[in-house]
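Visitor: I should like a close look at the cysteines in this model. Please explain how their sulfur atoms are placed, and then set them in their surroundings.

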Amino acid sequence: MLLSSVRTAIFCGCRNAGKGFQNNSRSPQLRQWLVKRGQSTITVEAGASPAPAAVTVPSAATNRILGRWLVGCSGLVVGAVVLGGVTRLTESGLSMVDWHLVREMKPPQTQAEWEAEFSKYQQFPEFKIMNHDMTLSEFKFIFFMEWGHRMWGRLVGLAYVLPTIYFWRKGYFNRSMKGKVLGLCGFVFFQGLLGWYMVKSGLEEKPESYDIPRVSQYRLSAHLGSALLLYCASLWTGLTLLRPAHKLAETKNLLQLRRFAKGTGGLVFLTALSGAFVAGLDAGLVYNSFPKMGERWVPDDLLAFSPALKNFFENPTTVQFDHRILAISSLTAITGLFLFSRRMVLPRRARMAINLLTTMAYAQVALGISTLLLYVPTPLAATHQSGSVALLSLAIWVLAELRKMPK
């Protein structure tokens with residue numbers, strides 16, 4: 001009590017002294033010191049602490065920025081998937097026989113550098129078995145196809161990592177978003193490593209085999225599958241940030257429609273993934289007829305390999321048969337989703353998404369049949385592969401429009 005009284009008396013005296021000096025222009029420094037001393041004493045007495053520095057927090061505006069960024073990143077992933085499909089169709093994926101993160105960003109410039117790169121390619125099975133009469137100009141074409149695919153992959157990585165660092169420092173991420181973007185960036189690095197792991201499988205010497213050298217269909221499907229997962233996660237997160245959920249009455253029909261849409265989306269994803277096995281085994285070059293496979297609905301060599309499970313991953317006939325069944329199942333499910341949605345009152349965007357999904361499904365099946373009947377021409381096959389990503393995108397849009405309102 002005594003200490004507090006003394007402190008108060010001193011403070012009052014200082015304040016009164018400060019007032020006495022207010023009209024004295026000859027002592028401005030002393031007056032400022034007394035005023036500051038009085039303010040600091042009041043702060044200490046009140047137990048106040050200095051105001052923390054302003055920190056940017058997520059808001060509707062920052063969510064729009066993050067949503068556009070992630071949707072843009074998903075578009076870059078689509079470009080990588082399409083370019084990778086064209087690289088596979090033109091048999092260019094094994095033209096670059098080593099992997100360097102920075103050094104390979106600059107392609108050969110001089111004639112000597114091109115000849116050195118070509119001589120490295122000549123030491124591997126694809127040249128020895130299939131391209132032994134290839135010229136340097138032909139090699140340059142397949143080299144630039146693979147080089148473009150790899151450089152695009154690096155662009156995708158930068159598009160994820162650099163904005164993540166910037167937005168993190170600006171405080172745009174809440175705790176949930178921090179985990180999501182770290183997962184996406186980690187997935188990008190994993191995707192690059194998996195791509196090289198896939199290429200290595202096509203560069204290995206196999207003395208017991210004289211077949212056309214190709215990458216492992218298992219690694220190819222893993223590479224494509226991880227790219228599709230990265231794409232789906234980016235697009236879904238971006239759409240949920242950009243598009244507020246509709247205020248829909250949680251009726252029994254809506255719950256059934258939402259479950260139906262989730263199952264259909266999963267089926268579309270599985271169908272797209274099965275296309276990687278078709279590409280990896282060149283399964284589109286067998287049984288180029290529809291709806292029958294040759295003269296039969298079920299071909300004789302469907303289970304030619306032993307054990308039987310091996311046929312689903314290594315038998316071109318079985319792989320094509322599975323892809324057909326999955327494609328028809330996806331079309332049937334999407335048609336059922338469309339018909340079921342007609343019985344309900346849905347927002348305009350949700351109905352538009354379902355209509356576009358249905359239209360794209362029929363177009364994609366038509367592209368697939370045409371690609372098969374015409375013996376897999378590269379432009380048509382690339383369009384069919386791109387169509388699978390478009391179909392998957394529309395399925396994600398439907399799910400985003402039908403999602404439940406957060407509490």
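Guide: In this predicted model, the cysteine sulfur closest to that of Cys73 belongs to Cys185, and the separation is 8.4 Å, which is too far for a bond. Seen from the other side, the sulfur of Cys185 has its closest cysteine sulfur in Cys73, again at 8.4 Å and too far for a bond. A disulfide is a covalent bond between the sulfur atoms of two cysteines. The cut-off applied here is 2.5 Å between the sulfur atoms, and the count of disulfides by this rule is zero.

As to exposure, Cys73 has a relative accessibility of 2% and therefore counts as buried. Cys185 also counts as buried, because its relative accessibility is 10%; the limit for that class is under 20%.

The surroundings may be taken from the record. An unreviewed UniProt entry lists several spans as "transmembrane region", among them residues 69-89 and 181-199. Two further spans from that list can be described by their geometry. Residues 263-287 are 72% helix and 0% strand, with end C-alpha atoms 30 Å apart. For residues 353-376, the end C-alpha atoms also lie 30 Å apart, and the span is 88% helix and 0% strand.

A surface feature completes the view. Trp99, Leu101, Val102, Met105 and Leu193 form a nonpolar patch with about 500 Å² of accessible area together. Within this patch, Met105 is located in the loop between helix 3 (60-89) and helix 4 (111-121). Met105 is classed as partly exposed because its relative accessible area is 42%.

Technical notes
Residues are numbered from 1 along each chain as its sequence is written. This is a predicted model: local features need pLDDT of at least 70, side-chain atom pairs count only at pLDDT 80 or more; totals for chains, interfaces and linings use all residues. Side-chain values use heavy atoms; hydrogens and water are left out. Buried means under 20% relative accessible area, exposed over 50%, partly exposed in between (1.4 Å probe, protein chains only). UniProt positions are given in the numbering used here, feature names are shortened, and annotations may be inferred rather than shown by experiment. Helices (H or I, at least four residues) and strands (E, at least two) are DSSP runs, numbered from the N terminus. Patches are made of residues with over 30% relative accessible area and no salt bridge: like charges are joined within 9 Å, nonpolar side chains (Val, Leu, Ile, Met, Phe, Trp, Tyr) within 5 Å. Accessible areas come from the Shrake-Rupley method with a 1.4 Å probe; for residues, only the protein chains shown count as cover. A salt bridge is a side-chain nitrogen of Lys or Arg within 4 Å of a carboxyl oxygen of Asp or Glu.
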